[in-house]
Amino acid sequence: MSRYIERNENDRFNAARDPADPSPEVELPKPVLAGNISIEQALAERRSIRSYSNNELSLSNVAQLLWAAQGMTSDLFFRAAPSAGALYPLEVYLVAGNVSGLDVGVYRYVPSRHSMIRIFKGDRRDELCRASLSQSQIRDAAAVVVIAADYSRTTVKYGTRGIRYVHIEVGCAAENIYLQGVSLGIGTCAVGAFDDEEVASILNLPSNEDPLLILPIGYV
Ligand SMILES: Cc1cc2nc3c(=O)[nH]c(=O)nc-3n(C[C@H](O)[C@H](O)[C@H](O)COP(=O)(O)O)c2cc1C
């Protein structure tokens with residue numbers, strides 16, 4: 001992968017970290033490239049799931065979902081989901097509640113290192129649920145994935161049409177999470193009904209990022 005992209009990512013992540021809590025990066029288990037079911041079966045079984053078991057999610061399964069959403073799939077810079085002009089405007093956050101070996105808190109996925117950086121500690125699922133018309137699947141999930149975007153990375157090249165491209169990309173990343181989830185026995189549900197400003201504030205998103213989709217995750 002290009003050193004330029006890696007340096008850019010490092011700058012962004014360091015800026016997002018809480019200086020009072022300079023937590024180490026969480027190295028994630030490597031993605032697995034073989035599954036138990038076919039892509040056709042995953043497509044046939046995919047459903048939006050809104051209730052989950054209380055079981056703790058394994059870190060390796062969480063890592064696999066993050067990789068499916070935005071993981072690197074080449075030595076250059078390409079990722080599991082397509083991106084207009086390979087500009088990669090999406091940022092993936094994990095609101096962790098009940099994940100094995102992981103402190104409760106909000107994390108930001110780092111595709112170039114397949115790792116996460118903790119942004120801050122504390123359980124944000126309740127607040128996130130209230131900011132999403134009190135949809136209980138968010139409060140009840142073991143963890144919640146939030147996909148945000150920096151539109152400017154795409155609009156700098158494509159102008160206002162870039163806004164459409166970013167929205168399409170969120171759909172691609174979300175479908176990857178859905179399908180990977182089916183293969184792992186993890187349910188999710190795309191949640192688009194939420195208050196943008198409240199969600200951005202709960203996650204302490206940088207001002208150049210907008211939250212676009214919420215995906216609660218938990219074992220079925
Ligand atoms: C952009 C988008 C936004 C959605 N927002 C919500 C939502 O806020 N709450 C919810 O329960 N489901 C939401 N859904 C899930 C749909 O309700 C669901 O996909 C639809 O009922 C079809 O069911 P299926 O996904 O199981 O095939 C959303 C889906 C999409 C694609």
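What is the volume of the largest pocket? In this predicted model, the largest pocket has a volume of about 460 Å³. Its lining is made up of 21 residues, and those that lie nearest the centre of the pocket are Val-32, Gly-35, Gln-64, Gln-180 and Ser-183. Three helices each give two or more residues to this lining, namely H2 (39-45), H3 (59-70) and H7 (161-184). In chemical character, the lining of the largest pocket divides into 11 nonpolar residues, nine polar residues and one charged residue.

Attention now turns to strand S2, which spans residues 90-96. This strand is mostly covered, with seven of its seven residues buried, that is, under 20% relative accessible area. The cover extends to both faces of S2. On one side, the buried residues are Leu-90, Val-92, Leu-94 and Ala-96; on the other side, they are Glu-91, Tyr-93 and Val-95. A reader following the strand in the structure will thus find the charged residue Glu-91 among the buried ones.

The pairing partners of S2 can be followed next. With strand S5 (residues 143-149), S2 pairs in the antiparallel sense over seven bridges. Within this pairing, Val-95 of S2 stands opposite Val-144 in S5. S2 is also joined to strand S3 (residues 105-110) by four bridges, and these two strands likewise run antiparallel. Here Ala-96 is the residue of S2 that stands opposite Gly-105 in S3. Val-95 and Ala-96, which face these partners in S5 and S3, lie on opposite sides of S2, and both are buried.

Terms used: Residues numbered from 1 in each chain as written. Predicted model: local features only at pLDDT ≥ 70, side-chain atom pairs only at ≥ 80, totals over all residues. Heavy atoms only, no water. 1 Å grid on protein atoms, 1.4 Å probe; cavity = no way out; pocket = protein on both sides within 12 Å on 5 of 7 lines; lining within 4 Å. Points joined across faces, edges and corners; volume = space filled by probe spheres on them. Buried < 20%, exposed > 50% of the residue type's maximum accessible area, 1.4 Å probe, protein only. Pairing = 2+ DSSP bridges.
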